[in-house]
Amino acid sequence: MRSLSIIIPALNEAENLPTVMASIPRRELAEAGWTVEVIVVDNASTDATAEVAASLGATVVPQPKRGYGNAYQAGFDAAGGDVIATGDADCTYPFDALPHLLVMMDARQVEFMTTNRLGVENRSAMKPSHTVANHALSALSRVLFRNGLRDSQSGMWIFQRHVWQTIDVRSPGMAFSQEIKNAATRAGFRCLEVPIEYRVRGGEVKLNALPDGVANLRQLFLHKIRDNRLRATSVRMVPLAEVARARVAAERATAAIQELDARTRLVPERAVDKAEQLKTVVTLPSMPAQRASDEAPLELA
């Protein structure tokens with residue numbers, strides 16, 4: 001069985017969590033060979049978010065330091081899955097699409113998959129001003145990081161654990177979303193962007209358009225400066241993705257050797273036990289002395 005951790009940051013989302021949790025297709029994922037843990041990060045909520053999440057079967061991770069990025073940092077640190085999937089607690093992201101997205105991820109051998117909410121079919125789910133701002137930030141992100149992503153602000157990603165263990169993502173707030181995408185693509189991981197259905201938000205809107213937009217702009221340029229400095233050093237002569245893949249391959253090889261060694265140690269023990277059992281049941285006839293002396297020894301040329 002493969003393991004999947006679904007991370008959901010939540011700030012005062014007690015009203016929306018029952019709908020969000022019900023949309024996670026646990027049975028379908030289990031039938032596809034996935035064990036699933038759902039982690040809700042309670043980002044200093046003042047309502048019953050933590051209690052509702054726990055009652056619905058989620059693991060609740062408290063993060064008293066508010067901020068979208070801070071919440072994800074805590075959630076990723078607590079995650080135990082080989083693969084990590086994300087989405088908000090406001091009913092906007094299609095968790096029911098996870099089985100299909102995971103199949104696509106495997107088929108395309110993708111390490112980091114992000115999603116595009118900005119298709120024309122989703123226009124009614126987002127305010128026009130937010131749509132314009134998302135397009136503008138995404139365009140600037142494409143220019144600076146040359147990754148071709150159409151939606152730099154989407155909050156639904158699916159990625160292999162080793163990606164998170166390799167990249168350097170620092171944003172405490174909303175800019176975390178664009179930073180993790182730009183970091184993954186620049187590190188050389190196999191990335192893919194796919195369109196998704198984006199749904200109307202439930203409950204209170206948490207986005208502060210102007211302050212968050214300014215913070216995202218600032219982060220884009222700071223990340224670009226940091227990226228340029230890294231690429232000027234010899235460390236980046238080998239892409240980070242190659243280093244991460246080599247580490248994962250070594251870990252898997254070590255695990256396989258340890259498992260084989262454990263099985264090998266069991267074989268003699270079982271053979272001895274079997275021999276002892278046979279001794280109590282079978283009495284072997286002794287060979288006559290004359291017969292033994294007449295036998296000539298084998299010689300190897």
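**Asking why the labels fit**

Modeller: The charged end of Arg117 sits 5.2 Å from the centre of the ring of Tyr198, over that ring.

Colleague: What makes that "over the ring"?

Modeller: The label needs NZ of Lys or CZ of Arg within 6 Å of the ring centre and within 35 degrees of the ring normal. Arg117 passes on distance because 5.2 Å is within 6 Å. Lys224 gets the label too: its charged end sits over the ring of Phe145, 5.8 Å from the centre.

Colleague: What sort of model is this, and what gets counted?

Modeller: It's a predicted model: local features need pLDDT of at least 70 and side-chain atom pairs pLDDT 80 or more, while totals for chains, interfaces and linings use all residues. Residues are numbered from 1 along each chain as its sequence is written, and side-chain values use heavy atoms, with hydrogens and water left out.

Colleague: How many aromatic pairs does the structure hold?

Modeller: There are 11. One is Tyr72 with Trp157, 5.0 Å centre to centre with 45° between the planes.

Colleague: Why is that pair called tilted?

Modeller: Rings of Phe, Tyr and Trp (its six-membered ring) pair if their centres lie within 6.5 Å; planes under 30 degrees apart are stacked, over 60 edge-to-face, the rest tilted. At 5.0 Å and 45°, Tyr72 and Trp157 therefore pair and are tilted. Tyr72 lies in helix 4 (residues 68–78) and Trp157 in strand 6 (residues 157–160), 85 residues apart; helices (H or I, at least four residues) and strands (E, at least two) are DSSP runs numbered from the N terminus. Trp164 and Phe176 make another tilted pair, at 6.0 Å and 50°. One aromatic cluster takes in Tyr68, Tyr72, Phe76, Phe112, Trp157, Phe159, Trp164 and Phe176.

Colleague: What makes helix 4 largely enclosed by the rest of the structure?

Modeller: Eight of its 11 residues are buried, so helix 4 earns that description. Among them are Tyr68, Tyr72 and Phe76. Buried means under 20% relative accessible area, exposed over 50%, partly exposed in between (1.4 Å probe, protein chains only).

Colleague: Why does Cys91 count as buried?

Modeller: Its relative accessibility is 18%, and that is under 20%, so buried it is. Cys191 has 32% and is therefore partly exposed.

Colleague: How many disulfides does the structure hold?

Modeller: Zero. A disulfide is a covalent bond between the sulfur atoms of two cysteines; here the test is a pair of cysteine sulfur atoms within 2.5 Å.

Colleague: Why is Ser152 called buried?

Modeller: Its relative accessible area is 3%, which is under 20%, so the label holds. Ser152 sits in the loop between helix 6 (128–145) and strand 6. Leaving out residues up to four places away in sequence, Ser152 touches Leu137, Ser138, Ser141, Ser177, Gln178 and Lys181, where contact means heavy atoms within 4.5 Å.

Colleague: Which residues touch the most other members of the largest nonpolar core?

Modeller: Leu4, Ile6, Ile8, Leu98, Met113 and Ile158, out of 37 residues. Such a core is a set of buried Ala, Val, Leu, Ile, Met, Phe, Trp, Tyr and Cys residues joined through side-chain atoms within 4.5 Å. Apart from the largest lies another core, of 26 residues, Val61 among them.

Colleague: What makes Val61 buried?

Modeller: At 14% relative accessible area, Val61 is under 20% and therefore qualifies. Val61 is in strand 3 (residues 59–62), and its C-alpha is 6.1 Å from that of Asp42, 19 residues apart in sequence.
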